[in-house]
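Please open the model in your viewer and keep the sequence panel at hand, since this tour moves from one selection to the next and says at each stop what is there.

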Amino acid sequence: MENAGAVVSVEWLADKLASSPKNVRILDGSWHLPYMNRKAKEEYASEHIPGALFFDINECADHEATNLTCMLPKAANFEAYVGKLGINNETQVIVYDNNDQLPLFSAQRVWWTFRVFGHENVFVMEGGLRKWKKLNKELSSTVPQVAEEQFTARYNPRLVKSFEEIEANQFKEKMFTLVDARPANHFEGKAPNPRPDIKSGCIPGSLNLPLTDLMDIGQQTLKSKEELLKIFKQLPVDLSGPVVGTCGSGISACMVALAAYECGNKDVAVYDGAWTEWYQRAKPDQMKNVPAD
């Protein structure tokens with residue numbers, strides 16, 4: 001039953017639940033881009049893995065210090081939020097999401113958030129609810145009632161990068177490799193950004209590694225460790241050194257961190273503000289591939 005990496009399978013989780021484990025919490029971490037017009041929380045209420053609770057990425061975020069979406073919450077807010085989900089510092093947390101095509105899309109953001117606040121006993125189930133249903137596993141529409149628990153956050157600054165740190169790295173002294181997980185056509189400025197107020201483009205000096213390249217879409221899994229190591233090497237990204245993931249809003253960047261974790265680098269950070277913040281704050285000469293007006 002034990003798993004060496006951070007990724008678990010549908011069968012692993014089904015077997016885990018069949019044993020009626022103590023102090024385990026399943027979380028539906030579904031999140032969708034606004035243009036998709038999907039309501040993740042309502043979909044969760046309709047059907048989910050038995051015993052799962054909903055982790056709302058939009059709700060468990062900083063709504064005070066920034067106008068950016070999905071930004072990390074303050075430690076106290078995270079403590080209160082997950083405590084109400086019945087999670088304490090000893091709870092084993094397994095996160096999945098509900099995406100129509102990808103084996104993972106937003107669950108890894110929840111995984112990364114727990115790790116930022118010092119909780120390492122957290123895993124992601126690849127394949128999501130789509131694969132769970134395909135394998136004819138049990139579903140539920142019952143929202144569990146759980147007792148509130150006490151969670152103490154231990155913030156890990158190594159896993160988070162700010163605008164200022166990215167700026168210093170890209171334009172002053174190179175300390176880490178910046179890897180962008182967005183689709184190539186967004187990175188290259190050849191397709192409109194999903195957010196109409198933000199143009200496509202990229203941070204100069206960053207490398208593009210679309211999150212879909214890290215997945216086996218047909219099997220609804222993350223690619224094997226051997227395949228992932230080859231992909232990072234070809235980019236090239238040296239996983240023995242410091243690496244930072246970025247994307248559009250800090251969601252898919254966490255796939256870079258997850259894939260690197262499976263390859264043995266457990267300290268890949270994420271630029272939380274990502275391209276959305278960079279586009280709003282950077283100087284024109286600090287942006288690349290941005291389409292002209």
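## A tour by selection

Begin by selecting Phe55, Phe78, Tyr81, Phe114, Phe117, Phe151 and Tyr155, and show their side chains: ring pairs link these residues into a cluster. Bear in mind throughout that this is a predicted model. A search of the whole structure finds 13 aromatic pairs, and two of them are described individually below.

**The ring pair between H6 and H10**

Select phenylalanine 163 together with tryptophan 278, whose rings form a tilted aromatic pair with 4.8 Å from centre to centre and 40 degrees between the planes. The pair links distant parts of the chain, given that phenylalanine 163 belongs to helix H6 (residues 163-171) and tryptophan 278 to helix H10 (residues 274-281), 115 residues apart. Are these two residues buried or exposed? Phenylalanine 163 has a relative accessible area of 5% and is therefore buried, the cut-off being under 20%, and tryptophan 278, at 0% relative accessibility, counts as buried too.

Stay within helix H10 and add tryptophan 275 and tyrosine 279, which form a tilted aromatic pair with 6.0 Å between the centres and 50 degrees between the planes. Both residues lie in H10, four residues apart, or about one turn of the helix. Tryptophan 275 is buried, with a relative accessible area of 1%.

Now return to phenylalanine 163 and add arginine 281, whose charged end sits over the phenylalanine ring, 4.2 Å from its centre.

**The packing of H6 against H10**

Widen the selection to the whole of both helices. H6 and H10 pack at an angle of about 75 degrees, and their axes are 11 Å apart, which makes H6 roughly perpendicular to H10. To display the contact itself, choose Phe163, Glu164, Ile166, Glu167 and Phe171 on the H6 side, and Glu277, Trp278 and Arg281 on the H10 side. Coloured by residue class, the residues of this contact divide into four nonpolar and four charged, with no polar ones.

**The crossing of H4 and H9**

Next, select helix H4 (residues 107-116) and helix H9 (residues 253-262), whose axes come within 8 Å and cross at roughly 75 degrees. How are H4 and H9 oriented to each other? The two helices are roughly perpendicular. Their contact is made by Gln108, Arg109, Trp111, Trp112 and Arg115 of H4, and by Cys254, Met255, Ala257, Leu258 and Tyr261 of H9. The residues of the contact of H4 with H9 comprise seven nonpolar, one polar and two charged.

**Two alanines to finish**

Move to alanine 14, in helix H1 (residues 10-18), and show its surroundings. This residue is buried, with a relative accessible area of 17%. Which residues touch alanine 14, once its neighbours within four places in sequence are left aside? They are Trp132 and Lys137. If you then draw a distance from the C-alpha atom of alanine 14 to that of leucine 27, 13 residues apart along the chain, the separation is 14 Å.

The last stop is alanine 80, which has its place in helix H3 (residues 75-84). Alanine 80 is partly exposed, with a relative accessible area of 37%. A distance drawn between the C-alpha atoms of alanine 80 and asparagine 37, which are 43 residues apart along the chain, comes to 29 Å.

Notes: Residues are numbered from 1 along each chain as its sequence is written. This is a predicted model: local features need pLDDT of at least 70, side-chain atom pairs count only at pLDDT 80 or more; totals for chains, interfaces and linings use all residues. Side-chain values use heavy atoms; hydrogens and water are left out. Axes are lines fitted to C-alpha atoms, for helices over the stretch in contact, and angles run from 0 to 180 degrees between N-to-C directions. Angles under 35 degrees count as roughly parallel, over 145 as roughly antiparallel, 65 to 115 as roughly perpendicular and the rest as oblique. Contact means heavy atoms within 4.5 Å. Ala, Val, Leu, Ile, Met, Phe, Trp, Tyr, Cys and Pro count as nonpolar, Asp, Glu, Lys and Arg as charged, and the others, Gly among them, as polar. Rings of Phe, Tyr and Trp (its six-membered ring) pair if their centres lie within 6.5 Å; planes under 30 degrees apart count as stacked, over 60 as edge-to-face and the rest as tilted. Buried means under 20% relative accessible area, exposed over 50%, partly exposed in between (1.4 Å probe, protein chains only). A charge sits over a ring if NZ of Lys or CZ of Arg is within 6 Å of the ring centre and within 35 degrees of the ring normal.
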